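Work through the exercises below with the coordinates open. Try each task before reading its solution.

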Amino acid sequence: MEPELGPRLGIQFLSEVKRVLRSGGKYICISLVQTHVVELLFSKLRFGWQVSVHAIPQQSASVSSYHSFIIAAVKENSSALHSIVTSFDSTALTYNKLQVQGLLDTIAKENKLRSQHTDGEDILYSFEELQIGAKGDMKQLVPGRRTRIMLGEPGISRFNYSAVIMDSYERFGPFLYGCGVFLVPKSRTHEWLFSSEEGQWQVVENAKAGRLIMVFLDANHSRVDMEDVQKDLSPLVEGLAPAQSENDSQIPFMMASDGVAKRDIVQEVDSPLTGRIIVEDVIFSEKNGNGNVLPENETFRRLLFERTPGLVQSEALLKNTENPNKSVGKAMIDEAIRHSRYRKKKNRTGRSSDSSIRQGSKTYVHVDHTYLASLYHGGMLTGLGLIISELELLVVSEKLVKTVIVGLGAGLLPMFLRQRMPFLNIEVVELDPIIADLARIFFGFIEDAQMKLHIGDGVEIVKEMTNISKSSSINDIPLRSEIPRTLDRENQCGKGTGDSKGVHVLIIDVDSDDPSTGLTCPHSNFVEESFLKTAKESLVAGGILILNLVSRSTAVHEMVISRMQMCRYLNNSLALK
C-alpha cells in the first residue's frame, strides 16, 4: 500500500479479508499507521465492524523512532456503525509525536464522519456500504429515500463518479422505468436544479423512473465520449437497481442537454465584472433542450457567461443578405472595435472572431431584430397589454412612452422594441461596458434619438432616477456613460414624453451571478423589498414594472411574489411559466 502506487492493491486485499471472515472473525493489522493506510482501513471497515487501535509495548528509543500499533477489527452480522476506540494513553508515548498526533487526528476525523452517519446527515456512501445495508435494503424502493454515493474503484471501473440515488414518491407515477440514470455534465452541476435537493426532486418527477441515479460528471470526464461513460457506468448502476426493475431490458440513460447540433465559437473575452463571456453561433437539432421546435437549419447567435454555463443570456436569429446596407457591415464593426475596451482574440479554430461578414463573398450576415428567439422575451412583452389603454392615449397625443430597461445583454429586446414600437423612448442600463461592446459588434445594437445606453449599476440608477424624477427627467441623472450625451431627444424627435418626471415602463432583465441560490434571474438586489419600493416610486400612475423572474425553487418564487404584494404591485399581474 505504497502511496505512489495508489489504493488498488489495498482495496483488493481488504475485499478478500471481508469475504473470507465469518461473523465474529477478527482481522489484525500491525502497522506504523501511515495516514493513507489508516484512512483506507477505516473507510473499508466502517459498517458492521468493531475497530480498535492499540499501541504495541516496546523498549525506549529515540523520540524520532516510529511506534508500532495494532488495528483490530471484529466482523459483525449486521450493518451497525461503531466509533473507533483506543486503548493507549497518547501522553505516555514518548516516540515520534507527529506520528501519534497524525493517528489521533485521523481517528477523530473518522469518528466524526461515523457520528454524522448515525445522526442521518447527508453524507457520501460507497457502493460496498450500500450493498451491506448501510441505508437499508437497496433492492426495495423506499419512496422519498435519497442517498449520496461514490461509484467506481480502481481496478473495477475506469472512472469514479459522484452520484445521488433517489427513490420516487408514489405521486410522481406512473413510471416508465423501474430504474434510470441521469447524467449531469460538469458545466451544469452547479445549477440549483441539480445541486439542491429540491431541484433534484423536480428532475426525478420528470424522469418517470421509480429510482433515479443522478450522476455528476467532472473534469475527468470532459474529454471522454458519452458512450464510454455509459459503458463504464452500466455494471455499477446495475447493482443499484431495485427488484422492481429486473424485468426491464436495460437501464435507460438520460442527460441534461441544450439540443445544439453544431457550435462555432465566434468570440471569447474576459471581463473584470462578468468573467469569461462567450459569443457563439449554433445550429439546433430539430428541438432544443426545452423541447421547442426551431426553424430548420437556421443559425442562432448566442451570448453566454461562463459563470452560468447552463443559462443562455441572449439568443438571436442570423440572416443572410446581399445588401450590405442592411447588415452589420465591416466598416461598422471596425469602428466599434476601435472604440472597444479589449483586443479581439482568435477563436478556437484560429479564425478571426469577426463572423458578421464572410470574406470573399457578397453575402453578409446580420441579426434579425424583428424576431425574438428567446421565448421569455415574448412573455415579458405581453405585460404591456396590462397598460394598453395608457399607451394608446400617449400615442394618440403624439407623446413618447418613457421606457427604462435594466440589463442590456446582447441588446435584442431593446432593438426589437425600437423597431416594433417606434413610440417608445428607450433608456438601457448595463453594468458591464464589455457586454455593451459585444452587443454593438456582434449583435448589431445601435443607438439613436430614441435609444440611449448608459453604463452603471441598475439598482443605483433607479434610485437616482426616483429621487430626481420629482423635478427633472432621466437625462439629468449623472450616469457613468461611455456614450456622449449630445442628443436632446425630445427636441430632435419633435415629440415630448408623457409626464417626463416618471417612467411608464420599467423592465428588469438581469441575471444572478449565483444561481445555486435558486434565483437565476434577476440578481437578488433587484428583488429586495427596498428596491421594489423604489422602482414603484419611479413609475408614473398607471406605469408598469416587468420583472424577469426565473426560479425553479417554489420557496424563492413565493418569497419574491410576497415582497411584491407587500409593495402593492399586483393589483394587475400576469405570471408566465
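**Exercise 1. A parallel sheet and its helix**

Which residue in β17 is the bridge partner of I405? Then place the two strands in their sheet, and find a helix that packs on that sheet.

Solution. The model is predicted.

Step 1. The partner of I405 is V428, in β17.

Step 2. Widen the view to the strands. β16 covers residues 401-406 and β17 covers residues 424-430. They run parallel and are joined by six bridges.

Step 3. Now take the whole sheet. Five strands form an open sheet with parallel pairing, in the order β18-β17-β16-β19-β20. β18 (451-455) and β20 (539-547) are the edge strands. Each has a single partner strand, so one side of each lacks a neighbour in the sheet. Ignoring direction, neighbouring strands are turned by 15° against each other on average.

Step 4. Add the helix. α11 (residues 412-420) packs on this sheet and touches β16, β17, β18 and β19 (503-508). The direction of α11 makes about 170° with that of β17.

**Exercise 2. A run of antiparallel strands**

Trace the pairing from β11 through to β14, and decide whether β12 and β14 are enclosed.

Solution.

Step 1. Start at β11 (residues 260-271). β11 pairs with β12 in the antiparallel sense, over ten bridges. A hairpin of three residues links the two strands. Within this pair, Q267 stands opposite V279.

Step 2. Move to β13 (residues 299-305). β12 and β13 run antiparallel and share seven bridges. Here I277 has F305 as its bridge partner.

Step 3. Go on to β14. Five bridges join β13 to β14, again in the antiparallel sense. L303 is bridged to S314.

Step 4. Check burial, with the cut-off at under 20% relative accessible area. In β12 (residues 275-284), seven of the ten residues are buried, so the strand is largely enclosed by the rest of the structure. In β14 (residues 312-321), seven of the ten residues are buried, so this strand too is largely enclosed.

**Exercise 3. Two helices, each with a buried face**

For α1 and α16, find the buried residues, the arc they span and the elements they pack against.

Solution.

Step 1. Get the lengths. α1 (residues 8-20) has 13 residues and reaches 19 Å from first C-alpha to last, close to the 18 Å expected. α16 (residues 554-566) has 13 residues and reaches 18 Å, close to the 18 Å expected.

Step 2. Recall the periodicity. An α-helix has 3.6 residues a turn, so residues three or four places apart point the same way.

Step 3. Apply this to α1. The buried residues of α1 are G10, I11, L14, V17 and K18. They fall within an arc of 120° seen down the axis, so they line one face of α1. R19 and V20 are exposed, on the face turned away from the buried side. The buried residues pack against β1 (26-31), α2 (35-44), β2 (49-55), β3 (69-75) and α4 (127-131).

Step 4. Repeat for α16. V556, V560 and M564 are its buried residues. Their arc is within 75°, so they line one face of α16. The face turned away from them carries exposed A555, E558 and M566. The buried residues of α16 pack against α15 (529-538) and β20.

Step 5. Look just past the end of α16. R568 takes a positive phi of about 60° there.

**Exercise 4. Backbone exceptions**

Locate two cis peptide bonds and two positive phi values in loops, and classify the accessibility of the latter two residues.

Solution.

Step 1. Set the baseline. Most residues other than glycine have a negative phi, and most peptide bonds are trans.

Step 2. Find the cis bonds. One joins G173 and P174, with omega about 0°. P174 sits in the loop between β7 (161-167) and β8 (177-184). Another joins C521 and P522, with omega about -5°. P522 is in the loop between β19 and α15.

Step 3. Find the phi values. V33 is not a glycine, yet has a positive phi of about 50°. V33 belongs to the loop between β1 and α2. K208 has a positive phi near 60°. K208 is in the loop between α6 (197-207) and β9 (209-216).

Step 4. Classify. V33 has a relative accessible area of 6%, so V33 is buried. K208, at 27%, counts as partly exposed.

Key
Residues numbered from 1 in each chain as written. Predicted model: local features only at pLDDT ≥ 70, side-chain atom pairs only at ≥ 80, totals over all residues. Heavy atoms only, no water. Buried < 20%, exposed > 50% of the residue type's maximum accessible area, 1.4 Å probe, protein only. Helix = DSSP H or I, 4+ residues; strand = E, 2+ residues; numbered from the N terminus. Pairing = 2+ DSSP bridges. Axes fitted to C-alpha atoms, helices over the stretch in contact; angles between N-to-C directions. Contact = heavy atoms within 4.5 Å. Expected span 1.5 Å × (residues − 1). Arc of directions from axis to C-beta.
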